[in-house]
Amino acid sequence: MEQASPDLERILQPAPVEPLGHHDAGLETAVGEEAEGVRDDERPGDGTMTENNFWLKKIEISVSEAEKRTGRNAMNMQETYTAYLIETRSVEHIDGQSVLTDSLWRRYSEFELLRNYLLVYYPHIVVPPLPEKRAEFVWHKLSADNMDPDFVERRRIGLENFLLRVASHPILCRDKIFYLFLTQEGNWKETVNETGFQLKADSRLKALNATFRVKNPDKRFTELKHYSDELQSVISHLLRVRARVADRLYGVYKVHGNYGRVFSEWSAIEKEMGDGLQSAGHHMDVYASSIDDILEDEEHYADQLKEYLFYAEALRAVCRKHELMQYDLEMAAQDLASKKQQCEELATGTVRTFSLKGMTTKLFGQETPEQREARIKVLEEQISEGEQQLKSKNLEGREFVKNAWADIERFKEQKNHDLKEALISYAVMQISMCKKGIQVWTNAKECFSKM
């Protein structure tokens, strides 16, 4: 890997960070102490909010190349995979000299590992999605093979967009694991696993249980979950319609190739009309071949829609985490109420509800006062701990809601801007396509008029 120039290292030398293995110097000198992220003694998101896109003002991040490779997987079996070259370059120049670029290779699975880590440690954030692993919503001329060069190229662009989304996020960009993802090629997976994020991940069964057993769900998160479901449904339908339209459009354009061939053959037997027919045939051939570039451009707009199709799942992940927190809060409150009732029953000697302990007392006699006092004391300690725990969970829940809604508002602004821009660009492209079609037929009309 290329290293940054000594001058840059000297002038932009960062404050010391925790040793997590070897880093390359180029990016480290550019972002400095900003990249320290979250230390072990800090909760994610507790750091000071930084200016939006501050990383993108200091460095350029790109996924510049994709390469097909063969190796052995964890089961020691031969496999073919695609590796992507990530390049990071400082945008700051010193004494008119450009800074060298740092580069390393990552597999798609490593991008997945990074995102899974971010989902666990930043549950209140709408974490940017990765591009699709296998092609979905494709029209018939596109390959669904994840090794197809066109698909790999689109996924390369999607992975670059994912890194830029994370780097422009005011909280995620400060994370040390993300920083090391861009700078530490060797042992990066081990560094991620050492964080123990898998142990912090909530089980699917627990999440499903929370969904059905929460008694007082937050109306805002319920509405957000319904919105994410509808967003996913609408975009899925739009992509399916677009694939069907692409199939039909492709057929219509290619039919014009038949016009071109017929006009060319016809021109060979005509003396006076030959030149006009030949020219008209040429225009038809140009028109027929133009659909390949048009549909290739359309795929890029489709990929922008797919990003927000996958963002819908990121929104649901935030809702699920809130449901889990609400479920834990309700269980803690229920447990505390139960202990208070037990303590009251012991203190007054009256049992208001059926319990195994009550039946045992009737069968084997009453407890001695000393035993009852000891139990009351234990319960009082448990009640005190439960009250503290409930208070802590309440504070944690309020903090989660506050941070989550701040990020959801940020996401909404981003979504509105991106989708508006993508749909306008798509409409402009369609208008341009129609104008070219009109021009082709106008040219063909002139050819016919001159015959």
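Which helix does Gln 414 lie in? Select Gln 414 and you will find yourself in helix H13, which covers residues 369–449. Keep in mind as you go that this is a predicted model.

**Stop 1: around Gln 414**

With Gln 414 still selected, look at its surroundings. Its relative accessibility is 15%, under the 20% cut-off, so Gln 414 counts as buried. Now show its contacts, setting aside the neighbours within four places in sequence: Arg 165, Tyr 308 and Tyr 311 should appear.

**Stop 2: helices H5 and H6**

Next, select residues 149–168, which form helix H5, together with residues 176–183, which form helix H6. The two pack at an angle of about 140°, and their axes are 11 Å apart. That angle makes H5 oblique to H6. Turn the view until one helix lies over the other, and you can follow H5 as it passes H6 in a left-handed crossing.

Which residues meet here? Show side chains for Leu 163, Val 166 and Ala 167 on the H5 side, and for Phe 178, Phe 181 and Leu 182 on the H6 side. Colour this contact by class and you will get six nonpolar residues, with no polar and no charged ones.

Keep Phe 181 on screen and add Phe 111, Phe 162 and Trp 188. Ring pairs link these four residues into a cluster.

**Stop 3: a tilted pair in H4**

How many aromatic pairs does a search of the whole structure find? There are 15. For one of them, select Tyr 117 and Tyr 121, whose rings are 4.9 Å centre to centre with 40° between the planes, a tilted pair. Both tyrosines sit in helix H4 (residues 108–121), and because they are four residues apart, about one helical turn separates them. Are these two buried or exposed? Tyr 117 and Tyr 121 are both buried.

**Stop 4: from H10 back to H13**

For the last stop, select Phe 263 and Phe 448. Their ring centres are 5.6 Å apart and their planes meet at 70°, so this pair is edge-to-face. Phe 263 belongs to helix H10 (residues 219–267) and Phe 448 to helix H13, so the pair ties together parts that are 185 residues apart in sequence.

Try colouring the two rings by accessibility. Phe 263, at 13% relative accessibility, counts as buried, whereas Phe 448, at 30%, counts as partly exposed. Phe 448 also brings you back to H13, the helix of Gln 414, where the tour began.

Conventions:
Residues numbered from 1 in each chain as written. Predicted model: local features only at pLDDT ≥ 70, side-chain atom pairs only at ≥ 80, totals over all residues. Heavy atoms only, no water. Buried < 20%, exposed > 50% of the residue type's maximum accessible area, 1.4 Å probe, protein only. Contact = heavy atoms within 4.5 Å. Axes fitted to C-alpha atoms, helices over the stretch in contact; angles between N-to-C directions. Parallel < 35°, antiparallel > 145°, perpendicular 65-115°, else oblique. Left-handed = near helix turned anticlockwise from the far one by under 90°. Nonpolar A, V, L, I, M, F, W, Y, C, P; charged D, E, K, R; others polar. Phe/Tyr/Trp six-rings, centres within 6.5 Å; stacked < 30°, edge-to-face > 60°.
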